[in-house]
Amino acid sequence: ESKARGRGNFTLFVDEMDARYLERQRLKADLRAAVDSHGITVVYQPMFTPDGRKLACCEALARWHHPEKGPIAPNIFIQIAEEMGIVTDITHQVLQKACADCRTWPESIGVSVNLSVQDLRQGDLASTVEKILTNAGLPAARLHLEVTESSLIEELSAARDVLEQLRSLGITISIDDFGTGFSSLSYLDTLPVDVVKIDRSFVRNIGEDARRLKLLRGIVSLTRGLDIGIVVEGVETREQLALIKKHNCADLIQGYVFSTPIATHAVKGLAEEASLHGLSGHAGVA
Ligand code: C2E
Ligand code: MG
Ligand code: MG
Ligand code: MG
């Protein structure tokens, strides 16, 4: 009897595996359709000076609204796109939109676009980006490109060449999710890096845990010596903001304390509000 039941469970298990597999296959087909019809949209999360007075740059963040399932998180659909080998199409679409939108903002505001590890493997990435800038009529100095620390480590030799090319166009290179890649950090000295974006995991408990604040300050002092710009990500509370200001941990702040991601048409107004009144930050977690 137990043998029979065991087999029954196994069948159930296989059915469930099949269902998940089919679900994933459908999601892939739907994502391909969305990419083919330019259905990936872009929102922008501003970065401000710590005093909340200057909106310096906006990060372009991809969004996919699935017709039945609603919004799918980019962490999920970017990974699926990487598995399918179509993430480069998404990068190009986001770059085109981001450059066109940035053109409509005040000239002092830049735009920052995320690259996938697969983009680094495209030998023609720099010439593609150059064409997109030309088509949009955007000066290269207003474009920033973000590469995660882990994709740098994965593709170190390809990354070096392509980042050098991009930088020689005048583009700013940022290391995203900085501090999470468990690397030796010696790469910072040898790669063309302008900015590090310290991952939000280093901010989360700085108010409650003195050791976390020490760790953040340590990372900051390490990079300050290398003349690299510092963005601190994921700042959510006024308390975190106050600590970061007190210990001079950031050149720019990106986090819910100042703003969640917004639509392109809202950027100019928020920049004006900041320069007129200064943003004091939201009291709690958004
Ligand atoms: P990321 O590049 O590190 O982007 C920052 C993420 O942190 C965004 O999530 C942003 O909404 C979120 N965030 C910002 N401030 C706060 C805060 O104060 N608290 C909290 N809890 N979260 C905050 P999002 O938009 O869900 O994007 C997640 C990740 O998906 C991005 O992380 C990036 O790795 C990836 N991604 C998004 N768009 C693209 C894209 O166009 N291309 C590629 N390759 N990856 C993308
Ligand atoms: Mg990013
Ligand atoms: Mg990040
Ligand atoms: Mg991140």
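**Exercise 1. Backbone outliers**

Aspartate 177 sits in strand E6. The model is predicted. Task: find the sign of phi at aspartate 177, then decide how aspartate 177 counts by relative accessibility.

Solution.
- Step 1. Read the backbone angle. Phi of aspartate 177 is positive, about 55°, although the residue is not a glycine.
- Step 2. Set this against the general rule. Most residues other than glycine have a negative phi.
- Step 3. Check the accessibility. Aspartate 177 has 27% relative accessibility, so it counts as partly exposed. The partly exposed class lies between the cut-offs of 20% and 50%.

**Exercise 2. A second positive phi**

Task: state where histidine 38 is placed and what its phi is.

Solution.
- Step 1. Locate the residue. Histidine 38 belongs to the loop between helix H1 (2-36) and strand E1 (41-48).
- Step 2. Read phi. Histidine 38 is not a glycine, yet its phi is positive, about 55°.
- Step 3. Classify the residue. Histidine 38 has 48% relative accessibility and therefore counts as partly exposed.

**Exercise 3. Strand E4 and its partners**

Task: describe the cover of strand E4 and trace the bridges that join E4 to E2 and to E5.

Solution.
- Step 1. Start with cover. E4 spans residues 110-114, and four of its five residues are buried. E4 is thus mostly covered.
- Step 2. Go to strand E2, residues 55-66. E2 and E4 run parallel and are joined by four bridges. Cysteine 58 has valine 111 in E4 as its bridge partner.
- Step 3. Go to strand E5, residues 143-148. Four bridges join E5 to E4, again in parallel. Here valine 113 stands opposite leucine 145 of E5.

**Exercise 4. The site of ligand 1**

Task: place ligand 1 in the protein, list its polar contacts with alanine 62, glutamate 236 and tyrosine 256, and name the elements of its shell.

Solution.
- Step 1. Find the space. Ligand 1 takes up the largest pocket.
- Step 2. Name the elements. E2, helix H2 (74-84) and strand E6 (172-178) each give two or more residues to the shell around ligand 1. E2 provides the largest share, four residues.
- Step 3. Pick the nearest residues. Around ligand 1 there are 23 residues, and Gln45, Arg63, Asp176, Glu236 and Tyr256 come nearest.
- Step 4. Read the nitrogen contacts. A backbone N or O atom of alanine 62 is 3.0 Å from a nitrogen atom of ligand 1. A polar side-chain atom of glutamate 236 is 2.6 Å from a nitrogen atom of ligand 1.
- Step 5. Read the oxygen contact. A backbone N or O atom of tyrosine 256 lies 2.9 Å from an oxygen atom of ligand 1.
- Step 6. Close with burial. Ligand 1 taken alone exposes 800 Å², and the protein buries 86% of that.

Technical notes: Residues numbered from 1 in each chain as written. Chains lettered and ligands numbered in written order. Predicted model: local features only at pLDDT ≥ 70, side-chain atom pairs only at ≥ 80, totals over all residues. Heavy atoms only, no water. Buried < 20%, exposed > 50% of the residue type's maximum accessible area, 1.4 Å probe, protein only. Pairing = 2+ DSSP bridges. Near = heavy atom within 4 Å. Polar contact = N/O pair within 3.5 Å; in protein donor to acceptor, adjacent residues only side chain to side chain. Areas by Shrake-Rupley, 256 points an atom, 1.4 Å probe, with all protein chains shown as cover. 1 Å grid on protein atoms, 1.4 Å probe; cavity = no way out; pocket = protein on both sides within 12 Å on 5 of 7 lines; lining within 4 Å. Sits in = over half its atoms within 2 Å of the grid points.
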